[in-house]
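Dear colleague,

Please find below the sequence and the structure that I am handing over to you. My notes on what was found follow directly after them.

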Number of protein chains: 2
Amino acid sequence: MHAQGLAVGDCAEFSKTITETDLVLFAGLTGDFNPCHMDEVQASAGRFGGRIVHGMLTSSLICTLLGMRIPGPGTLHLRQQLEFLGPVRPGDTVTARVEVLELMPRGRVRLRTCCRIQDGTLVVDGEALVVAPRRDA
Amino acid sequence: MHAQGLAVGDCAEFSKTITETDLVLFAGLTGDFNPCHMDEVQASAGRFGGRIVHGMLTSSLICTLLGMRIPGPGTLHLRQQLEFLGPVRPGDTVTARVEVLELMPRGRVRLRTCCRIQDGTLVVDGEALVVAPRRDA
C-alpha cells in the first residue's frame, strides 16, 4: 500500500482563461518583455501571427494541480519536464491535466503533466516527479 | 558557422529579488494557493519552516534570459527540464543563468539553465532546448 493513497491513473484537471491582464502581470513579475509577448506589431509579423502567452505561465497551471489536487498540499516537487508544442494566445482557455503514471519507492510519484487549449490542441506536454505527502490518517 | 552567432560557453545572467508581492500576484495568476506558499502558520510547521516562493516563478527567470538575451528575441523554446533543489523564500534574490552547451543542426541550441539565491545556493537546475532565431545580417 502506498502511504499517499494514490493509484496509477488518478488524474485531475484545472482550467483557466489566460487573459491579456495575466500576460502583462506575468511579464512584470518575470521581466520577460520578449516582443513575441509584448509587441503586437513585431509579433504579428512573426511566426505565430500575433502575441503569445509566456509558456511558463501556461505551464504553471500544472503546478497548481500538483500542489493543490494530486498529490496535493505537502507535495514536494522534485523535477519537471516541459515540452512546448504550440502557442497560447491571450484569451485562450487552458486546461492543465496531471495523471499518475507510476508510484515509486519512498513516496515518489511520476505523473504525466500536460496543457490543452479550448479546441483540444496539446500545447504543453511533459512529466513531473514529486514526493507525495504522507497520509497518516 | 552557426547562423545564430552563438558559441559554446556563451552565458548570461539576470537577477531579481522575489518579493512578497511577486508571490501573491503569481498565486493569483495561477490559482496555486498551496498552503506552503500562502499560509504562514501551516508553512511554519512544515518542511521549510515558512512560506516558500512558487518554483515556477523562480524558474520563469530562465525564460526571461532565453527570450531576451541568449539566444534572444525570436527564440523558439522547445523543451525545458527543471530540477527543484531547494526553497526560495520571499525576499530572496534569485540569479538565473543560461549557458550554451551545444550548437545543434537546424539552429537548435542546448543550454544549461539554473537559478541561485544570494548565498550561492543552487535552487533550480536543468536544461533548455531552443531554436535560435536566424541572424541574417
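A residue is called buried when its relative accessible area is under 20%, and exposed when that value is over 50%. Please keep in mind that this is a predicted model.

With that cut-off in hand, one residue may serve as a starting point. A:N34 has a relative accessibility of 4%, and therefore counts as buried. This residue belongs to the loop that connects helix 1 (20-30) with helix 2 (35-38) in chain A. Which residues does A:N34 contact, leaving aside its neighbours within four places in sequence? They are B:G67, B:M68, B:P73 and B:G74.

The sheet

Ten strands make up an open sheet with antiparallel pairing. Their order is 1(A)-3(A)-4(A)-5(A)-2(A)-2(B)-5(B)-4(B)-3(B)-1(B). At the edges are strand 1 (11-17) of chain A and strand 1 (11-17) of chain B, each of which pairs on one side only. On average, and with direction ignored, neighbouring strands in this sheet are turned by 20° against each other. In general, the strands of a sheet pair through backbone hydrogen bonds.

In chain A, strand 1 and strand 3 (residues 93-103) run antiparallel and are joined by seven bridges. Within this pair, A:A12 is placed opposite A:V98 of strand 3. In chain B, strand 1 likewise pairs with strand 3 in the antiparallel sense, over seven bridges, and B:S15 faces B:T95 of strand 3. Strand 3 of chain B also pairs with strand 4 of chain B, antiparallel and over nine bridges; here B:V98 is found opposite B:T113 of strand 4. These two strands form a hairpin with four residues between them. In its turn, B:R106 has a positive phi of about 55°.

Helix 4 of both chains

Helix 4 of chain B lies across strand 2 of chain A and across strands 1, 2, 3 (93-103), 4 (108-117) and 5 (122-131) of chain B. Its direction is at about 145° to strand 2 of chain B.

The two copies of helix 4 (residues 55-68), one from chain A and one from chain B, have axes that come within 10 Å and cross at roughly 155°. Because of this angle, helix 4 of chain A is roughly antiparallel to helix 4 of chain B. The crossing of these two helices is right-handed. In this contact, A:M56, A:S59, A:S60 and A:C63 meet B:M56, B:S59, B:S60 and B:C63. By class, the residues of the contact between helix 4 of chain A and helix 4 of chain B comprise four nonpolar, four polar and no charged.

Helix 1 of both chains

Helix 1 of chain A packs with helix 1 (residues 20-30) of chain B at an angle of about 150°, and their axes are 10 Å apart. The angle makes helix 1 of chain A roughly antiparallel to helix 1 of chain B. The crossing of helix 1 of chain A with helix 1 of chain B is left-handed. A:D22, A:L25, A:F26 and A:L29 meet B:D22, B:L25, B:F26 and B:L29 there. The contact of helix 1 of chain A with helix 1 of chain B has six nonpolar residues, two charged ones and no polar ones.

Yours sincerely

Conventions. Residues are numbered from 1 along each chain as its sequence is written. Chains are lettered from A and ligands numbered from 1 in the order in which they are written. This is a predicted model: local features need pLDDT of at least 70, side-chain atom pairs count only at pLDDT 80 or more; totals for chains, interfaces and linings use all residues. Side-chain values use heavy atoms; hydrogens and water are left out. Buried means under 20% relative accessible area, exposed over 50%, partly exposed in between (1.4 Å probe, protein chains only). Contact means heavy atoms within 4.5 Å. Axes are lines fitted to C-alpha atoms, for helices over the stretch in contact, and angles run from 0 to 180 degrees between N-to-C directions. Angles under 35 degrees count as roughly parallel, over 145 as roughly antiparallel, 65 to 115 as roughly perpendicular and the rest as oblique. A crossing is left-handed if the near helix is turned anticlockwise from the far one by less than a right angle, and right-handed if clockwise. Ala, Val, Leu, Ile, Met, Phe, Trp, Tyr, Cys and Pro count as nonpolar, Asp, Glu, Lys and Arg as charged, and the others, Gly among them, as polar. Two strands pair if DSSP finds at least two bridges between them.
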